Every structure is written in structure tokens, then in C-alpha cells.
Amino acid sequence: VSTAMAQKIKRRAEDQLVAVIGDEDTVTGFLLAGVGDSGPKAGKRDPNYFVVTNKTAIPALEDAFTRLTKRSDIAILLINQTAADLIRHKIADYEQLVPTILEIPSKDVPYDPSKDAIMQSVKNKFSVE
């Protein structure tokens, strides 16, 4: 790999973000860890997170998922499994490699790999019969 190519790859990786969809505690935790997109580079971009409450309408959650997965500066989208369950049809239809969707547990509900479409896909591809 040439030096110019390596620098281009490094610059692109530095510009990539992690996005979060989840309950307030999960999103707050990731924002405190530095996942939030802020500062002069952020400019007027939409936030790279979405807080889901018991009052969040499904269309608003679907819109946030679509908006975040269409952004070219997001490499990974973390989503609480409880939020993912509400838009399971959108996640099942999602076929892009980037941003990669990773389902994570919430504070109140343990992670269930049987519900995770990505884990099921990996399991099916690598299962030995």
C-alpha cells in the first residue's frame, strides 16, 4: 500500500463515527464515553444518536434508523435490542455492510442472540451440518 493510500485510509477512518440508538441511559453512557459528534467538524450535522423512550413513535424511530444508516460518516450503528425489536422489519431489510448494525443489551433487558438478525446470519453462514 502506498503512503498516499495509507494516509487516505487513515483520514477516512478518523472521520468515521459511531452512532447510537437506545434508551436514555445507554445513549448518555456512550455520549459520556465520547461517541457524540460535536465540535467544529460537526458543524450543522444532525446528531449521531437517538434516544428512545416509551413515548417514542415507531415512525420516528424508523426515521432515525434510516437517517443514521444513510450517513456516509457513520461506520457503526449501535442499537439497543429493545429498540431494534420495534423496527425489526427495517433491520431485517438492511443489507449494507457500512454502517454495520450491532445490537446491544439495555440496562433492563438482557441480550438475546436469537433475536439479532446479524448474529443469526453469521450463525447460518458458519454453521456446520
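A salt bridge is a side-chain nitrogen of Lys or Arg sitting within 4 Å of a carboxyl oxygen of Asp or Glu. Searching the whole structure, which is a predicted model, turns up 4 salt bridges. Some of them feature in the close-ups below, along with a buried leucine and a set of paired strands.

**View 1. Leu68, a buried residue in helix α3.** Let's start with Leu68, which belongs to helix α3, residues 58-69. Its relative accessible area is 0%, so Leu68 counts as buried. Who are its neighbours? Leaving aside residues up to four places away in sequence, Leu68 touches Ala19, Ile21, Pro47, Asn48, Tyr49, Ile74, Leu77 and Pro99. You can also look for Val20: 48 residues separate Val20 from Leu68 along the chain, yet their C-alpha atoms are 8.9 Å apart.

**View 2. Asp73 and Arg71, a buried salt bridge.** Here Asp73 pairs up with Arg71, and the closest N and O atoms are 2.8 Å apart. Are these two buried or exposed? Both Asp73 and Arg71 are buried.

**View 3. Asp85, Arg88 and Glu103, a network of salt bridges.** Find Arg88 and look at what its side chain meets. One partner is Asp85, in a salt bridge of 2.6 Å from N to O. Asp85 is partly exposed, because its relative accessible area is 31% and buried means under 20%. Another partner of Arg88 is Glu103, where the closest N and O atoms are 2.5 Å apart. Why does this pair tie together separate parts of the chain? Arg88 lies in helix α5 (residues 88-93) while Glu103 lies in strand β4 (residues 100-104), so the salt bridge links parts that are 15 residues apart in sequence. Thanks to shared partners, Asp85, Arg88 and Glu103 all join into one network. Glu103 has a relative accessible area of 8%, so this residue is buried.

**View 4. Strand β3 and its pairing with β1 and β4.** Strand β3 covers residues 74-80, and 5 of its 7 residues are buried, so the strand is largely enclosed by the rest of the structure. Which way do its partners run? Strand β1 (residues 17-22) runs parallel to β3, and 5 bridges join the two. To spot one of these pairings, find Ile21 and then its bridge partner in β3, Ile79. Strand β4 also pairs with β3 in the parallel sense, over 5 bridges. There, Ile76 stands opposite Thr100 of β4.

Conventions. Residues numbered from 1 in each chain as written. Predicted model: local features only at pLDDT ≥ 70, side-chain atom pairs only at ≥ 80, totals over all residues. Heavy atoms only, no water. Helix = DSSP H or I, 4+ residues; strand = E, 2+ residues; numbered from the N terminus. Buried < 20%, exposed > 50% of the residue type's maximum accessible area, 1.4 Å probe, protein only. Contact = heavy atoms within 4.5 Å. Pairing = 2+ DSSP bridges.
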